[in-house]
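Subject: Structure handover

Hi,

Here is the structure I promised to pass on to you. Please have a look at it first, and then read my notes underneath.

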Amino acid sequence: MCGICGFTGTNGKDILISMTNAVIHRGPDEDGYYSNGKINLGFRRLSIIDVETGHQPVHNEDNSIWAIFNGEIYNFLELREDLGKNGHRFYTDHSDSEVLVHLYEDYGHNFVNLLNGMFAIALWDGRKEELLLIRDRMGVKPIFYALINGNIVFGSEIKSILAHPDYTRSPNLESLSHYLTFKNIPAPFTAFKDINSLLPGEMLFYSRENIKKNKWWTISFKENEHYREEEVKERIIELLVDSTRLRMRCDVPFGAYLSGGMDSSTIVAIMARFTDNPIKTFCLGYEDDLKHKEADLYFARKVSSLYGTEHHEYIMSHQELMDDIEDVIKSFDQPFSGTISTFFLSKLIKKHVKVALSGDGADELFGSYLTHRTAQPIYYYNLLYNKIKSGQLNEDEKKLLAPCDMDYLDKLFKVSYGNEAKWKYNLCLFTDNEKENLFNGEIKNSFKLLKKQFNKLTARNPLNRILEMEWNTQLPDQVLAFVDFLSMAHSVEVRSPFLDYRLVEFVATISGKMKIKDGNVKDILKKAVEPLLPEGITRRKKEGFVLPIYDWMAVKMVDFCKEVLSEKNLNKHDILNFHETKVILDNYISGNRRLAGKVWNLMMLQLWLKNYFG
């Protein structure tokens, strides 16, 4: 895991060092540079594989191809063996980064299809004088770029581009408008003008004559309705075991997240098969007496006891959130009002290991969130509408509406008439109409952006359609973003076996009816992993790895909320209308707890403006 950056054009070592130092938290162990008058590559290393000789940038035998990359290639041992048989000579002992330049020599642009890993790659072909920027299939590793004066500037984080003297900092109001709806900036937009994000599974080609992009991988849902439950369970475990095994390849101490939920517990259970040493596990708890959070520590301890892990707990408070919130914002470089728990637990993890495996991706693969629970019921509510209104539903038909209650479905149907883009949009934070008086900028049509995503879908099943849409948007833009930026803020690498592309491609072929069955979320996954886990974990109510921010805001953080969203602060930037913001905040403080998400969203935007625009 590392930080990369660079730019085309004449040598600028001082600029390159400034850009590289901006992401030193991604690689505190060493730096590396390559400049030749046409390309400048900068690198910060977190040493994990081949600690002694695995330096970057890497090059091929005749120094015509150079590369830097952030991430891990899990199948690097097999690739090195095959390349050696093809006559390639390696100068590192067992580096995963060196395979990139040799694979490129043999396979050209198609080399990336051979990689099993998480990665953002910058590769310079000196013979063609062409730069490739490549992002992994799922978008685990980020990469941003900007075109400035005919050159391209890029980095693992936006802060590297901000460190380039030719970039003039300016907010992107179109992106901020979308942020209010989605809680994050949707790629390829960023919060800064003229800075873009490469999409998951996307490759960018840059030369002085041409710049283009293409998608080298997309998720495809070709559901197989003939799968038997037993064969699906067996295949899930088979793929999950192998993906976990590969992600345990490491030359430094590693451990695992253990929230006490099914997903992280499953990963710990599988890890125990491949080591005789106690696995170091980590769980987050809270000082306050929050009943809905107590189960995390209880079940994490239960799993730890079963598998004999070396278990560590980090107990935090609302004061720590207020003290660190601006550092959280700086980790993202963009406004973000999603989950931020990883930032705090990574403080503890850093003291013990450099690498931690996690259960990220399971919810998005098998269905767990509100939108997932809604997809099939609202579909059948539409089909059965006349029978519902006349009270003629039979018991089998009632099961089709689980786990949603009738009032919820009725309200959602009235604003969407069952249209998937409309009901999904109505579960977003701020609608376009709500932004009209709140946002002092041109309101961009977030519904249109959402509808465009639905028009690209390959899935037929209503649940799989939501899963596919969110896999392409919410997963990389929000879920994987908070995992990456907030763990790397503390120089911790997170690896998730559920994101192995082989498992993802298989699960995409499973019918939605197996994923959420009779209202039971992640039904097929629960049945597959239940033999591995202590009694009760697969039946736990979904809590999620989230801070109790809304609990704290309502009681202990009221003054903090008022200060962040004060008239004095909002008027400094004139992005949010103070009077409209005050109405929302006052109603929340007066007892309308449904507004908590909106208040948090507005606070994080204002804190971002403060930190990046004075």
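Below is what I found, going from the overall fold to one sheet and then to the cavities and a pocket.

Please keep in mind that this is a predicted model.

**Overall fold**

The protein chain contains 28 helices and 17 strands. Its radius of gyration is 24 Å, close to the 25 Å that the globule rule gives for 614 residues, so the chain is as compact as a globular protein of that length. The C-alpha trace spans about 75 × 60 × 45 Å along its principal axes.

**A six-stranded sheet**

One open sheet is built from six strands with antiparallel pairing, in the order β2-β3-β1-β9-β8-β10. At its edges are β2 (30-35) and β10 (195-197), each of which pairs on one side only. On average, neighbouring strands here are turned by 15° against each other, direction ignored.

Within this sheet, β1 (residues 2-8) and β9 (residues 151-155) are joined by three bridges in the antiparallel sense. Phe7 stands opposite Val153 of β9. Helix α1 (residues 13-21) lies across β1, β2, β3 (39-45) and β9, and runs at about 150° to β1.

**Cavities**

Searching the whole structure gives seven cavities of 30 Å³ or more. The largest has a volume of about 220 Å³. It is lined by 20 residues, with Phe144, Gln334, Asp477, Ala481 and Phe485 closest to its centre. By class, this lining holds 13 nonpolar, four polar and three charged residues. Helix α20 (residues 474-488) gives the largest share of it, six residues.

Helix α20 turns up again at the second largest cavity, where it supplies the largest share of the lining with five residues. β6 (117-125) and β17 (493-495) also supply at least two residues each. This cavity has a volume of about 130 Å³. Its lining is made of 20 residues, and Met118, Val140, Val494, Ser496 and Leu499 lie nearest the centre. They divide into 10 nonpolar, four polar and six charged residues.

**A pocket**

The second largest pocket has a volume of about 310 Å³. Of the 14 residues that line this pocket, Leu400, Lys513, Ile516, Lys517 and Asp518 lie nearest its centre. Its lining has six nonpolar, two polar and six charged residues. At least two lining residues come from each of α12 (370-383), α22 (512-515) and α23 (523-529).

Happy to talk it through whenever suits you.

Best wishes

Conventions:
Residues are numbered from 1 along each chain as its sequence is written. This is a predicted model: local features need pLDDT of at least 70, side-chain atom pairs count only at pLDDT 80 or more; totals for chains, interfaces and linings use all residues. Side-chain values use heavy atoms; hydrogens and water are left out. On a 1 Å grid over the protein atoms alone, a cavity is a set of points where a 1.4 Å probe fits but cannot get out, and a pocket is an open set with protein on both sides within 12 Å along at least five of seven lines; lining residues have an atom within 4 Å of a point. Grid points are joined across faces, edges and corners, and a volume is the space filled by probe spheres set on the points. Helices (H or I, at least four residues) and strands (E, at least two) are DSSP runs, numbered from the N terminus. Ala, Val, Leu, Ile, Met, Phe, Trp, Tyr, Cys and Pro count as nonpolar, Asp, Glu, Lys and Arg as charged, and the others, Gly among them, as polar. Two strands pair if DSSP finds at least two bridges between them. Axes are lines fitted to C-alpha atoms, for helices over the stretch in contact, and angles run from 0 to 180 degrees between N-to-C directions. Contact means heavy atoms within 4.5 Å. The radius of gyration is taken over C-alpha atoms; the globule rule is 2.2 Å times the number of residues to the power 0.38.
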